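The exercises below concern one protein structure. Please read each task, inspect the model, and then follow the worked solution.

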Amino acid sequence: MHQIYELLEQKKETMYGYLKEIVEKESHSYDKESLDMLANWIAATFEELTGGKAEIISNDQYGNHVRGEFGEGDGQILILAHFDTVWPKGTLEKIPFQMTDGIARGPGVFDMKGGLIQGLFALHALQDLGQTLDKKVVLFFDSDEEIGNPSSKELIEKEASKSDVVFVLEPGMSKLGCLKTSRKGVGIFTIEVTGVPSHAGIDPEAGKSAIEELAHQTLYLHSLTDLELGTTLNVGKITAGTASNVVAEKAYAEVDLRVKTKEEYERVLPLILNLQPKIEGVKVEVTGGINRWPLERTEQVAEMFEKAKQIAESSLGFELTEMETGGGSDGNLTAPFAPTLDGLGAVGDGAHANHEYLVLDKMTERSALLALLLLEYGRDKEE
């Protein structure tokens, strides 16, 4: 086994201690006070473990973000980790942090506080062993990934545009911990339908139902789904009408689009934005657009995975596999700017679910894998 792995094995109980501490600091995406407190803890812990410098990036509406910088050089490697969770404050009372039988449980332990701790300890191992890089490493911790990055999107894109490669500490895919080399892009749209109200019993012929129109549009949008291409549309929420005896004047729908490629998004986008009413005299308006571009499995992404697989097998003694997913992450934001390898975080299962858990003995090998990838991509190759 590589000396980095051996060092991390010696420090695994310390790593578990930090895992417990971060999970017990609840950080729901809309709880700014808790998020800001955790941001301060992350900044202090980054400096303590890595010897690097951290700064708090303040935000008035959402949680503050943290930018940590490790080492120096003209080139840059970006590592991404979010610290917000889907779990409201107080969840710890019903799902407390616990470690039993090699498993850690608790809100956000898998998605993705475990990966965050692994990232810190990867840099800690390099620093402890005196391993220097020819590039600086930026570890960006954002507080709003679970709600679509409303305040961190531009910051992440800016860092990605300056980076040679990007590593994302989202949890691995499936219980095998597969790396994610392809993520679908996400589009979010709102449809507003305006009809003509009337009394459903006395004067029904005078009305033009917004609900009826929206039903037509829903069927059309769902017909655009093409599973062979990996394209899906889902009308996931509808709000409409005022009473059963009123022909509805208003109807609203929220639509989710997932696509595998930028080209497919550009094909489907006008079909959604240019919806035409099926009922004469009814108005249909569509707003929205792309939330995250696809993370496509480009040749460069494939090469990054192959390098990670080789390192895992030759230096750490485990087999690494890859998968694609329909879910989005911070990696979708960086993919248009720099080759991005996702899913390097925790191994476990149950993201956003009550049974969420992390496999403890996988933390050191995943942390070591990231450290070795930093050595691979952070050092200039000899001519």
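**Exercise 1: The nonpolar cores**

Task: State how many residues the largest nonpolar core has, and which of them have the most contacts inside it.

Solution. The largest nonpolar core has 68 residues, and those with the most contacts inside it are Ile117, Phe141, Phe167, Leu369 and Leu374. Helix α4 (residues 109–128) gives the most to this core, namely 11 residues. A second, separate core has 22 residues, among them Ala210, Val255, Val282 and Val286.

The terms are as follows. A nonpolar core is a set of buried Ala, Val, Leu, Ile, Met, Phe, Trp, Tyr and Cys residues joined through side-chain atoms within 4.5 Å. Buried means under 20% relative accessible area, exposed over 50%, and partly exposed in between (1.4 Å probe, protein chains only). Helices (H or I, at least four residues) and strands (E, at least two) are DSSP runs, numbered from the N terminus.

The model is predicted: local features need pLDDT of at least 70 and side-chain atom pairs count only at pLDDT 80 or more, while totals for chains, interfaces and linings use all residues. Residues are numbered from 1 along each chain as its sequence is written, and side-chain values use heavy atoms, with hydrogens and water left out.

As a last step, take Phe141 from the core. Leaving aside neighbours within four places in sequence, Phe141 is in contact (heavy atoms within 4.5 Å) with Ile42, Phe46, His65, Val66, Ala81, Phe83, Leu116 and Leu120.

**Exercise 2: Two helices**

Task: Determine which residues of helix α7 are buried, and what they pack against.

Solution. First, check the length. The expected span of a helix is 1.5 Å times one less than its number of residues. For the 12 residues of α7 (residues 262–273) this gives 16 Å, which agrees with the 16 Å between the end C-alpha atoms.

Next, list the buried residues of α7: Glu264, Tyr265, Val268 and Ile272. Seen down the axis of α7, these fall within an arc of 95°, so they line one face of the helix; the arc is that of the directions from the helix axis to the C-beta atoms. An α-helix has 3.6 residues a turn, so residues three or four places apart point the same way.

Finally, the buried residues of α7 pack against β9 (185–194), α6 (210–223), β11 (232–240), β13 (250–259) and β14 (283–292).

For comparison, helix α5 (residues 153–161) has Ile156, Glu157, Glu159 and Ala160 buried. Their arc is 160°, so they too line one face of the helix. On the other side of α5, Glu154 and Lys158 are exposed.

**Exercise 3: The largest pocket**

Task: Identify the residues that lie nearest the centre of the largest pocket.

Solution. On a 1 Å grid over the protein atoms alone, a pocket is an open set of points where a 1.4 Å probe fits, with protein on both sides within 12 Å along at least five of seven lines; lining residues have an atom within 4 Å of a point. The lining of the largest pocket has 28 residues, of which Glu145, Glu146, Gly327, Gly328 and His352 lie nearest its centre.

Then examine two of these. Gly327 lies in the loop between β15 (322–325) and α9 (330–334), and is partly exposed, at 26% relative accessible area. His352 is in the loop between β17 and β18 (357–359). Phi of His352 is near 70°, a positive value in a residue other than glycine. Most residues other than glycine have a negative phi, and most peptide bonds are trans.
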